[in-house]
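Please walk me through this protein model, explaining how its parts are arranged and what surrounds them.

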Amino acid sequence: MPDVNYRKVTRVDVAREAGTSVAVVSYVINNGPRPVAEATKQKVLAAIKKTGYRPNGIAKALASGSTQTYGLVIPDISNPFLASIAHALQREAFKHGHVLLLGDAGDSRVREKELINNLLLRQVEGLIYTSVDRHPYIDLIQSSGTPCVMLDRVDPTEGVSALQVNEKLAAYKITRHLIEHGFKDIGIICGPIEMLNTQDRLSGWENALVEANLGIQKKWVIAGQYTRDWGYQAIYQMQKIGFPEAIFATNELQAFGCLKALAELKLRVPEDIALVCFNGTVQSEYTVPTLTTVRQPVDKIAEKAIQILQNWPNKEAICEVDFELQIGHSCGCW
């Protein structure tokens, strides 16, 4: 077998192939600072193609002061809603010549902090951030001077902008939708009580019931995790105390778990129990029955988030984005 010596191609190799100086190769690659005759430029480009030379992105970033990267930190990429947000952000960042580096915290605050530090060390030009429990490490980001857009409900804070949905209002409206169907006993499957988004969604559910003069039965508040498994387990917990007429699952994964458990128990949705959920994605359109859900405009959120980073420095702003009720069959609408 021949002894093949694999060696990284350098600008010296390109210059030798093109019959020019290394400086001229650099001018072509960096589009300056000195002009290069068109014929010479074409020779250099041909030499780059022939040798397979790839510019050193890190060195170029250090020289230009621009890494052309953004960082994204989210609680759990396995969540379909968060995955859809990440996909939309990646597409939008790429449109503006940036790469998006993904940090998946795995629902761990310790890991979340490590990811933020790691991305800041890589000198990302901006962070887009959703905290695990809505208690973000804002001070850490501010001390670095890195532009940041939160995708959470946060108080106006110097140096941080936020895009957020009024989750309390959204929870109120989807609960109100069930009430308009004539349901009086409406249970809720939610996330951990200590999380602010759980509190918002619970508050919206309660407000709708109080406004309609319906009782709030604490036995039908089943708090756990934002997972399929918890939605599945919650149905079997409800079975022990008796089911309400309708259930509000406060995220899509929980609703998927509910559908599985209800099918095992031979309970039909919506004929026996109505079901709605929060933060639905396109996957809600492919369940049986299709899910009625609160949908967030992920494409608009991504567009606005990247726009804020592109226009930095700017005055920090708390921007509220719209939501919509996607009507499926699970609530009783046909």
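A pocket, in the sense used here, is an open set of grid points with protein on both sides within 12 Å along at least five of seven lines, and its lining residues are those that have an atom within 4 Å of a point. The model in view is a predicted one, and its chain averages a pLDDT of 89, with 92% of the residues scoring at least 70. Residues 1–5 call for caution, since pLDDT stays under 50 there and the model has zero contacts for them beyond four places in sequence.

With that definition in hand, the largest pocket can be described: 37 residues line it, and those that lie nearest its centre are Pro75, Asn79, Leu82, Asn197 and Tyr226. Two or more lining residues come from each of helix H5 (80–95), strand S5 (160–164), helix H9 (196–211) and helix H11 (252–264), and H5 supplies the largest share, four residues. The space in the largest pocket amounts to about 710 Å³.

Helix H9 deserves a look of its own. Its 16 residues should span 22 Å at 1.5 Å a residue, and because its end C-alpha atoms are 22 Å apart, the model agrees with that expectation. Many residues of H9 are listed as buried, among them Leu196, Asn197, Asp200, Arg201, Trp205 and Leu209, and the buried residues of this helix pack against helix H8 (167–180), strand S6 (186–190), strand S7 (221–223) and strand S8 (246–249). Just after H9, Asn213 takes a positive phi of about 60°.

Earlier in the chain, helix H3 (residues 38–51) can be read in a similar way. Its 14 residues should span 20 Å at 1.5 Å a residue, which agrees with the 20 Å between its end C-alpha atoms. In H3 the buried residues are Val44, Ala47 and Ile48; seen down the helix axis, they fall within an arc of 100°, so they line one face of H3. An α-helix has 3.6 residues a turn, so residues three or four places apart point the same way. The cover over the buried residues of H3 includes helix H1 (11–18) and helix H2 (22–30), whereas on the other side of H3, Ala39, Lys43, Lys49 and Lys50 are exposed. Just after this helix, Gly52 takes a positive phi of about 75°.

A last stop is Pro136, in the loop between strand S3 (127–129) and helix H7 (138–144). Leaving aside residues up to four places away in sequence, Pro136 touches Tyr129, Ser131, Met150 and Val154. Its C-alpha atom is separated by 9.0 Å from that of Arg109, which is 27 residues apart from Pro136 along the chain.

Note on methods
Residues are numbered from 1 along each chain as its sequence is written. This is a predicted model: local features need pLDDT of at least 70, side-chain atom pairs count only at pLDDT 80 or more; totals for chains, interfaces and linings use all residues. Side-chain values use heavy atoms; hydrogens and water are left out. pLDDT is the predictor's confidence in each residue, from 0 to 100. Contact means heavy atoms within 4.5 Å. The expected span of a helix is 1.5 Å times one less than its number of residues. Buried means under 20% relative accessible area, exposed over 50%, partly exposed in between (1.4 Å probe, protein chains only). The arc is that of the directions from the helix axis to the C-beta atoms. On a 1 Å grid over the protein atoms alone, a cavity is a set of points where a 1.4 Å probe fits but cannot get out, and a pocket is an open set with protein on both sides within 12 Å along at least five of seven lines; lining residues have an atom within 4 Å of a point. Grid points are joined across faces, edges and corners, and a volume is the space filled by probe spheres set on the points.
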